[in-house]
Structure formats: C-alpha cells, structure tokens
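Trainee: I should like to learn how the features of a helical model are read. Could the Mentor take them one at a time, with the general idea before the case?

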Amino acid sequence: MFDSLRKKKSDDAVSLDMISKQRRYESLVRALNTDIYRYAYWLTGNKHIAEDITQETFLRAWKALDSLKDDKAAKAWLITILRRENARRFERKQFDYSDIEQDHLEDVFSGSNEDHAEQYLLRKQIGNLEVEYREPLLLQVVGGFSGEEIAEILDLNRNTVMTRLFRARNQLKEALEKPEVRGRANG
C-alpha cells in the first residue's frame, strides 16, 4: 500500500514538473519567437530557411530547457542555439553562394517610396559588411543586445565586440555617404 502511494506521489510530481516545463517553454516561445525569427532571417536572407532554423532552435531549446538557469538570459541563449543551428546547415550541405536579394523584406512602418529605398539601401549595405562586423551589429540593432551580451554570444572579448561595432558603423557610414550610393537611394 505504501509503495503505491509513493508511486502515485512520484507520478504526480513528474506530471507537475512537465506542466511547469511546458508553461515555461510556451512563455519563452511567445515572448521571443519574433526576435529569433527576425535574427534568423537576417542571417539567412531566406524566409523558409529562417522558419526552419527558428523551429529547430526552439526544438533544441525544449530539449535543453533545464539547462537555462536564468530566464533573463533566454534571448541570448536562444540566439546562441540559432547561430549553432545555422552553422550546422553549412556542415550538412554545400550551398550556391550569391548576393542576397533583400528587396522582398516587408516593411510595414515606412510609408513612402523614398523610405523604402533608404531602408533597402541600408539593408544592402549591412549585407555587404564582412561577417565579423555584420554579426555584432545585427545582434545589437536587431537583437537589442548589449556589448557584454554580444561578447558572450559570439564568445569574444567585450573590447573586441565594441571595436567591431565601431568599425561596422564607420564602414556603413562611409558606404552610405558615397555619392553613387546616395544617388541610388534618391533615384
């Protein structure tokens, strides 16, 4: 009799733990799905691949949810999983490389054609940055991460991250100030 009571209590505890894990996971997905997808899209430049690696990121997050000790670090934790998942894509398959066309990105905030042209130009110039500069910039601008968080995500020294952010902004500024680039935005 005591064994069956102990087993019942044990089963109840497992059920409560699973319900708690499910709620925590669902909360995490609701809160961060958009940010994770947005960053995946910036990394891949492809809606379908971004959806796939976002889904895989959350699948891996479910499996490893117990390793997330601080919910405040969830976004950085998920970005790290996403970056690794994106890297796995290249380990599994060789892709044809081409310039990423990002003119199909939908911008629901700007209204005029001039705004659309400027945003397209900005995206294109960000896409032209070397990966070592583009990635920290995207993590800061798209992901909203601090220099310290970016350093942790990219496994770099904070000073290195801050230098790369500074250089990324300067390269972007220089590229956007070129007369031929400005002419394209206005033409």
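**Reading a helical model**

Mentor: Let us begin with a detail of the backbone: just after H6, Asp 155 takes a positive phi of about 55°. The model is predicted, and what follows should be read accordingly.

Trainee: What is the general idea behind such a phi value, and where does Asp 155 lie?

Mentor: Most residues other than glycine have a negative phi. Asp 155 has a positive phi of about 55° although it is not a glycine. Asp 155 belongs to the loop between helix H6 (147-154) and H7.

Trainee: Is Asp 155 buried or exposed?

Mentor: Asp 155 counts as exposed, because its relative accessibility is 71% and the cut-off for exposed is over 50%.

Trainee: How many helices and strands does the chain have?

Mentor: The chain contains eight helices and zero strands. Read from the N terminus, its elements follow the order α-α-α-α-α-α-α-α. Of its 187 residues, 32% count as buried. Among contacts between residues at least 6 apart in sequence, 62% join residues at least 24 apart.

Trainee: How is a single helix to be read, and which residues of H2 are buried?

Mentor: An α-helix has 3.6 residues a turn, so residues three or four places apart point the same way. In H2, the buried residues are Ala 50, Ile 53, Thr 54, Thr 57, Phe 58 and Ala 61. These residues cover an arc of only 140° around the axis, which puts them on the same side of H2. On the other side of H2, the exposed residues are His 48, Gln 55 and Lys 63.

Trainee: What is the span of H2 from its first C-alpha to its last?

Mentor: Helix H2 (residues 47-63) has 17 residues and a span of 25 Å, close to the 24 Å expected at 1.5 Å a residue. At the start of H2, a side-chain oxygen of Asn 46 comes to within 2.8 Å of the backbone nitrogen of His 48.

Trainee: Which residue of H1 may serve to show a contact with H2, and what surrounds that residue?

Mentor: Consider Ile 36, which lies in helix H1 (residues 2-44). Ile 36 counts as buried, because its relative accessibility is 0%. Leaving aside neighbours within four places in sequence, Ile 36 is in contact with Thr 54, Thr 57 and Phe 58, as well as Lys 75, Leu 78, Ile 79 and Leu 82. Thr 54, Thr 57 and Phe 58 are among the buried residues of H2. From C-alpha to C-alpha, Ile 36 and Thr 54 are 6.5 Å apart in space, with their positions 18 residues apart in sequence.

Trainee: What follows H2, and how exposed is Asp 70?

Mentor: Asp 70 is located in the loop between H2 and helix H3 (74-92). With 42% relative accessibility, Asp 70 counts as partly exposed. A polar atom of the Asp 70 side chain lies 3.0 Å from the backbone nitrogen of Lys 72.

Trainee: How does one describe two packed helices, and at what angle do H6 and H7 pack?

Mentor: Two packed helices are described by the angle between their axes and the distance between the axes. H6 and H7 pack at an angle of about 110°, and their axes are 8 Å apart. That makes H6 roughly perpendicular to H7. From H6, the contact is made by Gly 147, Glu 148, Ile 150 and Ala 151, and from H7 by Arg 158, Val 161, Met 162 and Leu 165.

Trainee: Which residues of H6 are buried?

Mentor: The buried residues of H6 are Gly 147, Ile 150, Ala 151, Ile 153 and Leu 154. They cover an arc of only 165° around the axis, which puts them on the same side of H6.

Trainee: At what angle do the axes of H5 and H7 cross?

Mentor: The axes of helix H5 (residues 131-141) and helix H7 (residues 158-177) cross at roughly 100° and come within 8 Å. H5 and H7 are therefore roughly perpendicular to each other. In H5, Glu 132, Tyr 133, Pro 136, Leu 137 and Gln 140 meet a set of H7 residues that includes Arg 164, Leu 165, Ala 168 and Leu 172.

Trainee: Where is Gly 127 found?

Mentor: Gly 127 is part of helix H4 (residues 113-128). At 33% relative accessibility, Gly 127 counts as partly exposed. The C-alpha atoms of Gly 127 and Leu 43 are separated by 9.3 Å, although these residues are 84 residues apart along the chain.

How values were computed
Residues are numbered from 1 along each chain as its sequence is written. This is a predicted model: local features need pLDDT of at least 70, side-chain atom pairs count only at pLDDT 80 or more; totals for chains, interfaces and linings use all residues. Side-chain values use heavy atoms; hydrogens and water are left out. Helices (H or I, at least four residues) and strands (E, at least two) are DSSP runs, numbered from the N terminus. The expected span of a helix is 1.5 Å times one less than its number of residues. Buried means under 20% relative accessible area, exposed over 50%, partly exposed in between (1.4 Å probe, protein chains only). The arc is that of the directions from the helix axis to the C-beta atoms. A polar contact is a pair of N or O atoms within 3.5 Å; within protein, one must be able to donate a hydrogen and the other to accept it, and residues adjacent in sequence count only if both atoms are side-chain atoms. Contact means heavy atoms within 4.5 Å. Axes are lines fitted to C-alpha atoms, for helices over the stretch in contact, and angles run from 0 to 180 degrees between N-to-C directions. Angles under 35 degrees count as roughly parallel, over 145 as roughly antiparallel, 65 to 115 as roughly perpendicular and the rest as oblique.
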